[in-house]
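Please examine the arrangement below, with attention to where protein and nucleic acid meet. The paragraphs that follow take each DNA strand in turn.

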There are 2 protein chains.
Amino acid sequence: MEYFEELKSTKIFNSATEFECQAMMFCFKTRFKTFDKNQSIIKQGDKMEDIILILKGSGNVENVDSLGNISIVMQLKKGDVYGVESAYAGDEYYKDSVIATDKSLVLFMNKHRLINPCENRCKRHDLVIKNLMRLVAESNIKLLDKLNHISKKTTREKLLSYLSSVSEKSKSNYFEIPFNITELANYLSVDRSAMSFELSKMKKEGLIDYDKRQFHLFSNKLK
Amino acid sequence: MEYFEELKSTKIFNSATEFECQAMMFCFKTRFKTFDKNQSIIKQGDKMEDIILILKGSGNVENVDSLGNISIVMQLKKGDVYGVESAYAGDEYYKDSVIATDKSLVLFMNKHRLINPCENRCKRHDLVIKNLMRLVAESNIKLLDKLNHISKKTTREKLLSYLSSVSEKSKSNYFEIPFNITELANYLSVDRSAMSFELSKMKKEGLIDYDKRQFHLFSNKLK
DNA sequence: ATATTTTTGTTGTAAAAACAACACTTTTTA
DNA sequence: TAAAAAGTGTTGTTTTTACAACAAAAATAT
């Protein structure tokens, strides 16, 4: 079966055999599709038919509001899904776009087939739902994390909250962030130039050092 | 069985019989507890043992950061749970407080017992997990909603984004918000006095009208 | 390898927000 | 029902932000 190895390595299909996977692929009416960097995997406003699973590569969930402001809602890595909450909420249209940030392989699964109890009684469906639960819980954590950062009043506080959290996750004061500067500004919902200015200021003050996506946080200076 | 009616009316236990509920109460090592308005149901930083379910009343999930700023993360209503994501993430301590906003009845369920496959093979456990999934998905939606509001640049935009969303949900331009003014400021992460000032300004401009928690949105004026 | 596009840092200016202080109102409590 | 506490609206001041514009650097495409 094509792509079985990729499926096997995700949290959602991890415990299924090749045969079971094949049955589910049929049951969920799946399609595999590849995307180049910067291609749209999902377009905000399009009719929502599928829940997607990233099998290779990565993507950004982006939202454009009525004034044209772009916000990066969250990032998707290998094994992540997008659309589960919306499917449960019964949304008809995608509320965000998903843009590939690398060459990517994506699995599209029919949302009704995936979240509703299976008439075909395909053996592993219940287990997949259980696995999905863990993924949705993780997505929740990501959102809470982001909320924590952007709830801060000043740009500096937002930056420090974000950088500290990445630093903590990587268990080091030296770490790489998964955004470029422009994207980080969109993620933190601040003006890019103002943020860039604030970063330089923090560098001058000896709070942080950085080059491209590489950061060093002088945590001893953060009283 | 005590409180069976309350359990029955929640999404998570909705499909279980009294006997099954009783078994699960034992299996999840549950405790029922009542709270007065403004009492702490959960204290940020306390050891996390339980996932809670609101059976009567309501509560606010609040987070206090290192600078003392209070943020209302989300609201919990009857049938809502708190702590599922943290349990999956393996958090040891509660990351937020939950404060009763009414006289409330709360069910405490041991987190390990709830989220792990059941050795006792208690019949309905799988179904409960599936129901839980829907709740976590809903909580996800709430967070995305909030994120949408506070990602806006100005206080006015935040207010309009929030008020529009409440208006939409209540399908009317006249609606009641579930916050007082101070709480709304904490929810939107803006300064209370500045927000109060902005609200008056919007009232003067004829964009909105309000009194206490009652709002009227003149949507025709919002270009 | 060169041209083109995108990203980045910097600046000045105008707008908006936070903060602090205070009087007044409403709600809670004893 | 009186006293205390909590919530609200308003104001002036200071700090911070957004916005616009531009040059330089880096990344991408041809």
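**Protein surfaces around the DNA strands**

In this predicted model, DNA strand D is surrounded by 18 residues, of which T154(A), T155(A), D191(A), T182(B) and S200(B) are the closest. Of the atoms of DNA strand D that come within 4 Å of the protein, 64% belong to sugar and phosphate.

Individual polar contacts to DNA strand D involve both chains. From chain A, a polar backbone atom of T155(A) lies 2.3 Å from a phosphate oxygen of the strand. From chain B, an N or O atom in the side chain of S200(B) is 2.7 Å from a phosphate oxygen, while R192(B) places a polar side-chain atom 3.1 Å from a base oxygen. Two or more residues each come from α8 (192–204) of chain A and from α7 (181–188) and α8 (192–204) of chain B. The largest share, five residues, is that of α8(B). By type, the surface near DNA strand D comprises five nonpolar, eight polar and five charged residues.

Turning to DNA strand C, 19 residues lie around it, and T182(A), S200(A), T154(B), T155(B) and D191(B) come nearest. Here sugar and phosphate make up 64% of the strand atoms within 4 Å of the protein.

Phosphate oxygens of DNA strand C are approached by a polar side-chain atom of T182(A) at 2.5 Å, by a side-chain N or O atom of S200(A) at 2.7 Å, and by a polar backbone atom of T155(B) at 2.3 Å. The helix α8(A) gives the most to the surface near DNA strand C, namely five residues. That surface divides into five nonpolar, eight polar and six charged residues.

Note on methods
Residues are numbered from 1 along each chain as its sequence is written. Chains are lettered from A and ligands numbered from 1 in the order in which they are written. This is a predicted model: local features need pLDDT of at least 70, side-chain atom pairs count only at pLDDT 80 or more; totals for chains, interfaces and linings use all residues. Side-chain values use heavy atoms; hydrogens and water are left out. A residue is near a molecule or strand if one of its heavy atoms lies within 4 Å of it. A polar contact is a pair of N or O atoms within 3.5 Å; within protein, one must be able to donate a hydrogen and the other to accept it, and residues adjacent in sequence count only if both atoms are side-chain atoms. Helices (H or I, at least four residues) and strands (E, at least two) are DSSP runs, numbered from the N terminus. Ala, Val, Leu, Ile, Met, Phe, Trp, Tyr, Cys and Pro count as nonpolar, Asp, Glu, Lys and Arg as charged, and the others, Gly among them, as polar.
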